[in-house]
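Got your viewer open? Load the model below and keep the selection box handy.

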Amino acid sequence: MPTMSEQILSRVAGRPVRAGDVVTANVDLVMVHDSLAPGIIRILHQELGAERVWDPQRVAVVIDHVAPAASVQTAEKQQEVRRWVRAQGIPNLFDVGRGISHPVLVEEGLAQPGMLILGSDSHSTAYGCVGAFGTGMGSTDIALALATGKTWLRVPETIVVRASGTFGFGVGPKDLALRAARLLRADGATYAAIEWHGVEQLSVMERMTLATLSIEMGAKAGIIPPAGLDLTGPLVPTVDADAQYQEVVEIDLGQLEPQVSAPHYVDNVADLSDLGRVAVDVVYLGTCTNGHYEDMAVAAQILAGRRLAPGVRMIVVPASAQALQRAAADGTLATLLAAGATIGTPGCGACIGRHMGVLAPGEVCLFTGNRNFRGRMGSPEAQIYLASPAVAAATALTGYLTDPRAVMDGQPVVSQ
């Protein structure tokens, strides 16, 4: 019986397919962001000779990677993209401040279960949070999809990460994702699809945490069954008890400790308690992985009525305007500000090290994002630790890596 990837790719290929098959598929949606858009536009028009995209309604353009523009050159490139969008008649332009492409496309209802979604960003696996097959591709493949509405790919094998039980005190989806990376390693799911089972209790954006981190294990896609979400799409993929899986990884949520990825590799993961006292300069809460409302709410619960440790900077960059508005409406944002946090424009922020909080040589950052490669957020002499929003908030209070259970006085840390 088919895996979720096989179900989706059978639909877009127009025939039953199985892992290992090479297919030509009809694309449901193509996402292009500001950082790569100028090069993709050049390839589309000059190298492929296509005057127009195949279907303007199925293209989304997002200005999120360096938003607002951090230099004249960047501003000129973004101006070029806006002019191109108008000329092509593309209705779905999400400009500066709307947020990161992945949550925005989900919030706007453009990403739906059963779709094949291509993005000019490696974390396009994010769309698996709604049961879509999302995957990132290079500029030439994206340009070809824009011109023709088609792509080709090999149907991936599937690895299942099966969670059981419930999260314990101070532990959440980021810890599950990092634990999976610890077990599978960076290449353990190379060109496979990861299906995340047993996480129906998570919100759609908490599921995005799992889907975005799937690529950090090498996955072609990361898909969560859309059970529990009030969504419809061209196909609602389901878990088939008889599906053939390459591997099944079992994780007991009740036994899970706060996980931390130490420099300079995402799969360099350990229990926080094993890392000792690591002083930090910056706590950075944001990105498509952990910049959602739920993440800000968890941090605010821990920071309520307290102040950041002396010498620690805390930067919060919401993943989307919708998340920011929700945090403002219920007092979450006010709590973060009162604690001493700084709020940035919704978008990618310093995730790619180009603006809004880049790191100096020797600085240590506790980051809720998805990558801690050397030089990722600025200086190659900086060190980046990846952890959950709860760990981030606890660390901001003490100035060193801290288990959230140590600062909460027995009060549960839960999503609002």
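What follows is a short walk from an annotated site to the nonpolar cores. Bear in mind as you click that this is a predicted model.

**Stop 1: the annotated cysteines**

Select Cys-288, Cys-348 and Cys-351, which an unreviewed UniProt entry annotates as "binding site". In sequence they are spread over 64 residues, yet in space they cluster, with a largest C-alpha distance of 9.6 Å.

Zoom in on Cys-288 to begin with. You'll find Cys-288 in helix α8, residues 287-290. Is Cys-288 buried or exposed? Cys-288 counts as buried because its relative accessibility is 6%, and the cut-off for buried is under 20%. Now show what surrounds it: leaving aside neighbours within four places in sequence, Cys-288 is in contact with Ile-100, His-102, Pro-103, His-123, Met-208, Thr-212 and Asn-370.

Hop over to Cys-348. This one sits in a loop, between β16 (342-343) and β17 (364-367). Its relative accessibility is 9%, so Cys-348 counts as buried. Which residues does Cys-348 touch, not counting those up to four places away in sequence? Light up Asp-64, His-65 and Ile-100. Ile-100 should ring a bell, as it is also on the contact list of Cys-288.

**Stop 2: the largest nonpolar core**

Next, select Val-283, Leu-303, Met-314, Leu-336, Leu-366 and Tyr-385: these have the most contacts inside the largest nonpolar core, a set of 40 residues. Colour by element and you'll see β14 (282-286), α9 (293-303), β15 (313-317), α10 (321-329), α11 (332-339), β17 and α12 (389-398) each giving two or more residues to this core. The largest share, 8 residues, comes from α9.

Centre on Val-283 for a closer look. Setting aside neighbours within four places in sequence, Val-283 is in contact with Val-312, Arg-313, Met-314, Ile-315, Leu-366, Ala-392, Thr-395 and Ala-396. Met-314 and Leu-366 are also among the core's best-connected residues.

**Stop 3: along α9**

Now select α9 on its own. How many of its 11 residues are buried? The count is 10, leaving this helix mostly covered. Charged residues are included: Glu-294 and Asp-295 are on the buried list, along with Tyr-293, Met-296 and Leu-303, among others. Just after the helix, stop at Gly-305, which has a positive phi, near 75°.

**Last stop: another core**

Finally, pick Ala-25, Leu-44, Val-155 and Ala-193. They are included in a second, separate core of 37 residues.

Technical notes
Residues numbered from 1 in each chain as written. Predicted model: local features only at pLDDT ≥ 70, side-chain atom pairs only at ≥ 80, totals over all residues. Heavy atoms only, no water. UniProt positions renumbered as here; feature names shortened; annotations may be inferred. Helix = DSSP H or I, 4+ residues; strand = E, 2+ residues; numbered from the N terminus. Buried < 20%, exposed > 50% of the residue type's maximum accessible area, 1.4 Å probe, protein only. Contact = heavy atoms within 4.5 Å. Core = buried A, V, L, I, M, F, W, Y, C linked by side-chain atoms within 4.5 Å.
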